[in-house]
Structures are given as structure tokens and as C-alpha cells.
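Please load the model in your viewer and keep the selection panel at hand. The tour below proceeds by selection, from a pair of residues to the cavities.

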Amino acid sequence: PAGLAEVLSAFGPAYLASHELPRGAAKVWRAILACRTAALGGHVESCTDCGTSRHVYHSCRNRHCPRCQTRAKERWLAARRREVLPVPYFHLVFTLPHALNGLIGAAPRRLYENLFAAASATLIEFAASPRHLGGMPAFSLVLHTWKQDLGRHVHVHALVAGGALSDTGEWISPKKGFLFPVRALSKVFRGKFVAGLDDLYRQGYLPDFLNPLAWQNLKQDLYAHDWVVYAKQPLGGPQAVLDYLGRYTHRVAISNERIVGITHDQVAFRVRADSGGKKRVLRLAGSEFIACFLLHVLPSGFKRIRHYGLLSPARKKVGLAAARSALAVPPPEPAIIESVTAFLQRVARLASMCCPHCGGQFRVTATLLPQRGATARGPP
């Protein structure tokens, strides 16, 4: 089957011969090639009834690897179950204009940090305003950097609880069925982002190619058009919120399911043709596909999922307890949450341990040590 590892194996040598890798990309590349291969080791499982054996190799667990996100997502969502409040949730998207793409490519960490800072400050400011809610909100931001065709499209998804906790301990719900006016949000978001960018420029943190004239031209361009803040309809109860959140938190730029074929010089993959969900197949030259994928490798150690307001690490314990008290709901039972999580993991494990030939059970019978040189050649 075609997948990202197969693309890197097929077109990697030609790409590496003519391109320099972005910082951090070599580690990601090696991890994806090694994932679930003999290079990482594993174990042998044998059926206790018919004797069928299989080799099971370890996962790389890299956050850019499309093979490794399902379990990571389930673990993350299990931890979030105790944090979801029994209120409607709103989904907003803050998008950077494409005029910033060149600057993002040159200084991704600075620009991503500024995006998180501007989006979070905008939401906190609107929630604190008596015109809207007048309290402290609870929300999470998730960074995405891609479009369906793997082009650069930097935006953050915001999942915001419908309401805010006042200074007097009351839960204040939205008055008009929507959270905040998106036109006003977009103007304030743009102002905060450009102000943060201006600070970075004055402190010398932006690339040298941005001379004073280029900087003024860029600022004029950024203010020439409205920025996009998109708001979706409120979501349902806690489980619906978790299911919805799971679609965004652990996505990677391209999933293996979307790669439909590899020829001698091209990669074919599915993209959405329109907002109605129709699909079409796009073809890119192998080296171009790899270059596009590497645009979305995050800076080392960069946190792409962050929590704010009542969910921020500094006030989560006290803040969520106060919100539940205001909403007159009991805290979640940790034992129940853990037992549900353990049950789901146990069911998945039992299914994977069932022999497809006779229905017997697989048992671990041997350990496989990691083997050097067991994968296709990657970057040094």
C-alpha cells in the first residue's frame, strides 16, 4: 500500500541530492521511515491454537507520522474527558493571510507564537467585555499549517466553551445564540497580530530580508484586506465536543489514506474539491510532494495544542471546579473515566490479539531487537 513512508523511500534519494532539509526535518524523516519496521524492534506473537506467527514492530510515535496519531489522539481525549463542561461549545478558526507565507517559512516559531498570542488575547478580551460575557472563558487552540493540496495555510482552531466565569463566581451564557461577532473579532485579531509582529521587527527577531521599506509594504498589505475569522454553529454535549475535537487535535498534513498511488515520478492523493465534500485526485512530482510535506514540520518542541482561560495550567484545577459549582454539576468521577478508557483499550487490544485464521489468541513468544540499516536510506 502507498503511504508517506513509501513516498519518502521512492523519491527521498533524489530529493536529498538536490535540497537542504529544514531544521528538524531529518529527525521526522528518519522516524517515519523506521515506524513499524525492524529498525525499531518489536516482538513475535504466535497463535496458541494454530501456531500462526507474526512480527509486530514498534511505532515511532513522532507527531508528524500518519501511522501514530490514532492512539495518541485517544490518550489525549481520555485526559480531556474530565475537563469538558456541560455547555454548548463553539468552534472558531483564526487564519493568517497568505501574504505572510514567506515570513512564516523564514521564522516559523516566531510567527506561530505570535499567532497563538494574538488569537488567545482576542478571545480573552472579548469574553472579559461586559458587552459580550464579562468573565473568564475556557478554550483550547490547535495549530494547523496546511491546505488539502499541502500548500501553506496557517490557522488555529479554537474550541470555546459557551460562556464565561464572572469574578463573583457566576456562569454567564451567551445572550444571542452566538459567541462573539466575527467581524469585530477579525479586526481585533489583525490588530493584535500586527502589533506583535511590529514588536518582533523592532527587536530584530525577523529575517534580514525584511528591510524598512519591505516591512512598511508588508504592513500596508496586511491592513489592505479583511482577515478571516470563521465561526461554526455551537456543538452538542460533552461527548459530541470530544468527538469533534478529536478530528483536529492530532491531524497531520497528509494521512496515508489520502495517498492513492505512486508512479515512477509522481504521487497521487485525494483532496476535497469543494466545501460540499466532493473529492478529486491531485498529482504532484515526487520531490515537490516531499517539499510540500516538509513545509509543515513544526519547530522542535513547539506545542501545537494549548489551553487558555479556565483551562490554562495555572488555573485549571480551581477554575474548572468554580465553573462546575456555578453550573451546579458535580465533578467527573475519575474512577469512571479511567475504567471507560481502560475498557476501550482492552477491547482494542483483544481484537488485535485474535488470530484471523482460527480465532485463537496470539501470545508474545519472542523479543525483536532493533536492527540498524533495516529501513530505506534517509537523511544522515
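**From one bridge to the cavities**

Begin by selecting S140 and H307: in strand 12, H307 is the bridge partner of S140. Please note that the model is a predicted one.

Extend the selection to strand 4 (residues 138-146) and strand 12; the two run antiparallel and are joined by 5 bridges. Strand 12 itself covers residues 305-309.

Next, display the sheet to which these strands belong. It is an open sheet of 5 strands in the order 8-3-5-4-12, with antiparallel pairing. Strand 8 (229-231) and strand 12 are its edge strands, each pairing on one side only. Ignoring direction, neighbouring strands of this sheet are turned against each other by 20° on average.

Now add the helices that accompany the sheet. Select residues 108-128, which form helix 5; this helix lies across strand 3 (89-95), strand 4, strand 5 (152-161) and strand 12. Helix 5 runs at about 145° to strand 4. Then select residues 182-202, helix 6, which packs on the sheet and touches strand 3 and strand 8. The direction of helix 6 makes about 145° with that of strand 8.

The remaining stops concern enclosed space. How many cavities of 30 Å³ or more does a search of the whole structure find? The search finds 2.

For the largest cavity, select R80, E83, V84, Y89, S140, L159, V241, L242, L245, H307 and L311, which line it. The bridge partners S140 and H307 therefore reappear here, as both belong to this lining. The volume of the largest cavity is about 120 Å³. Which helix gives the most to the lining of the largest cavity? Helix 8 (residues 238-249) does, with 3 residues. By class, this lining holds 7 nonpolar, 2 polar and 2 charged residues.

For the second largest cavity, select H91, V142, H157, A158, L159, Y244, L245 and Y248, the residues that line it. Its volume is about 40 Å³. Strand 5 and helix 8 are the elements that give two or more residues to the lining of the second largest cavity. The residues of this lining divide into 6 nonpolar, 2 polar and no charged.

Finally, select L159 and L245. Both are among the residues lining the largest cavity, and both are also among those lining the second largest cavity.

Notes: Residues numbered from 1 in each chain as written. Predicted model: local features only at pLDDT ≥ 70, side-chain atom pairs only at ≥ 80, totals over all residues. Heavy atoms only, no water. Pairing = 2+ DSSP bridges. Helix = DSSP H or I, 4+ residues; strand = E, 2+ residues; numbered from the N terminus. Axes fitted to C-alpha atoms, helices over the stretch in contact; angles between N-to-C directions. Contact = heavy atoms within 4.5 Å. 1 Å grid on protein atoms, 1.4 Å probe; cavity = no way out; pocket = protein on both sides within 12 Å on 5 of 7 lines; lining within 4 Å. Points joined across faces, edges and corners; volume = space filled by probe spheres on them. Nonpolar A, V, L, I, M, F, W, Y, C, P; charged D, E, K, R; others polar.
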